[in-house]
Amino acid sequence: ASIAYKKGAKVILNPAPAPAGSLSPELLKCLYAIIPNETEAELISGVPVCDGESARKAAACISSKGVDIVIITMGSKGAFIKEGNSCYRVPVEKVKAVDTTAAGDTFCGAFCVALSEDYSIMEAVRIANKASGIAVMREGAQNSIPYKKEMLFNQI
């Protein structure tokens, strides 16, 4: 992470699983963004995450450790973004979940692809929500991840 950061790369961490206290301040300062789920955000921040206000508190705590962009995934409650001094809730489309095995990995992958294509953080999270929503409607892990052509990026 340190080498990538020094070279100007956007280092994005999905701390899964994240045992409490396992993320060093040195690591956090090298991150462009961190994407924990509710449980991981609580382990990192010490703040139980159950709604928008608790997500805001947890994100502020995580951000204070050195990472500017904190995105907390909250399953059917969508995602919470803290980007600098701005905070946003990004809802998800209601779907019938069949298997949530690959939801987090799909979210992170789609988010990174969208960022690499110059989408804003908010747009990248919307795309990631859409991708993980598709994934949870399918059985399995790898085969549940949608192809880019299924995403209809221009319609999100």
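Which residue takes a positive phi in the hairpin of β3 and β4? That's Gly75, with a phi near 60 degrees, and the hairpin has five residues between its strands. Keep in mind that you're looking at a predicted model. Here's a quick tour, starting with a sheet of five strands, moving on to two helix pairs and some salt bridges, and ending with a lysine in a loop.

**The sheet**

- The five strands make an open sheet, and they line up in the order β1-β2-β3-β4-β5 with mixed pairing.
- At the edges you'll find β1 (12-13) and β5 (86-90), each pairing on one side only.
- Starting from the β1 edge, this strand runs parallel to β2 (residues 33-34), and two bridges join them. Look for Ile12, which stands opposite Ala33 of β2.
- Next along, β2 and β3 are also parallel, and again two bridges hold the pairing. Here Ile34 has Val70 in β3 as its bridge partner.
- Then the direction flips: β3 and β4 are antiparallel, with five bridges between them. Val70 turns up again here, as its bridge partner in β4 is Lys82.

**A closer look at β3**

- How much of β3 is covered? Most of it, as five of its five residues are buried.
- As a rule, side chains in a regular strand alternate between the two faces of the sheet.
- In β3, Ile69, Ile71 and Thr73 point one way, while Val70 and Ile72 point the other way. All of these residues are buried, whichever way they point.

**Two helix pairs**

- Packed helices get described by two things, the angle between their axes and the distance between those axes.
- For α3 and α4, the axes come within 9 Å and cross at roughly 50 degrees. An angle like that is neither under 35 degrees nor in the 65 to 115 range, so the two helices are oblique to each other.
- The crossing of α3 past α4 is left-handed.
- Where do α3 and α4 touch? On the α3 side it's Ala41, Ile44 and Ser45, and they meet Ala58, Cys61 and Ile62 of α4.
- For α5 and α6, the axes come within 8 Å, with a crossing at roughly 145 degrees. This crossing is right-handed.
- The α5 residues that meet α6 include Phe107, Ala110, Phe111 and Leu115. On the α6 side, Ile121, Val125, Ile127 and Val136 are among the residues involved.

**Salt bridges**

- Side chains of opposite charge can pair up when their charged atoms come close. How many salt bridges does a search of the whole structure find? It finds four, and three of them are described here, one by one.
- Glu38 pairs with Lys77, and their closest N and O atoms are 3.1 Å apart. Glu38 sits in helix α3 (residues 38-45) and Lys77 in the loop between β3 (69-73) and β4 (79-83), so this salt bridge ties together parts that are 39 residues apart in sequence. Lys77 has 34% relative accessibility, so it counts as partly exposed.
- Arg56 and Glu53 form another salt bridge, at 3.8 Å from N to O. This one stays inside a single helix: both residues belong to α4 (residues 52-63), three residues apart, or about one turn of the helix. Arg56 is partly exposed at 38% relative accessibility, and Glu53 is partly exposed too, with a relative accessible area of 43%.
- Lys148 and Glu117 meet in a salt bridge with an N to O distance of 2.5 Å. This pair links distant parts of the chain, with Lys148 in helix α7 (residues 148-151) and Glu117 in the loop between α5 (103-116) and α6 (121-136), 31 residues apart. Both ends are partly exposed: Lys148 has 47% relative accessibility, and Glu117 has a relative accessible area of 32%.

**A lysine in a loop**

- Is Lys96 buried or exposed? With 68% relative accessibility, Lys96 counts as exposed. You'll find this residue in the loop between β5 and α5.
- Setting aside neighbours within four places in sequence, Lys96 is in contact with Val136 and Met137.
- The C-alpha atoms of Lys96 and Arg138 are separated by 9.5 Å, though the two residues are 42 residues apart along the chain.

Conventions
Residues numbered from 1 in each chain as written. Predicted model: local features only at pLDDT ≥ 70, side-chain atom pairs only at ≥ 80, totals over all residues. Heavy atoms only, no water. Salt bridge = Lys/Arg side-chain N within 4 Å of Asp/Glu carboxyl O. Helix = DSSP H or I, 4+ residues; strand = E, 2+ residues; numbered from the N terminus. Buried < 20%, exposed > 50% of the residue type's maximum accessible area, 1.4 Å probe, protein only. Pairing = 2+ DSSP bridges. Axes fitted to C-alpha atoms, helices over the stretch in contact; angles between N-to-C directions. Parallel < 35°, antiparallel > 145°, perpendicular 65-115°, else oblique. Left-handed = near helix turned anticlockwise from the far one by under 90°. Contact = heavy atoms within 4.5 Å.
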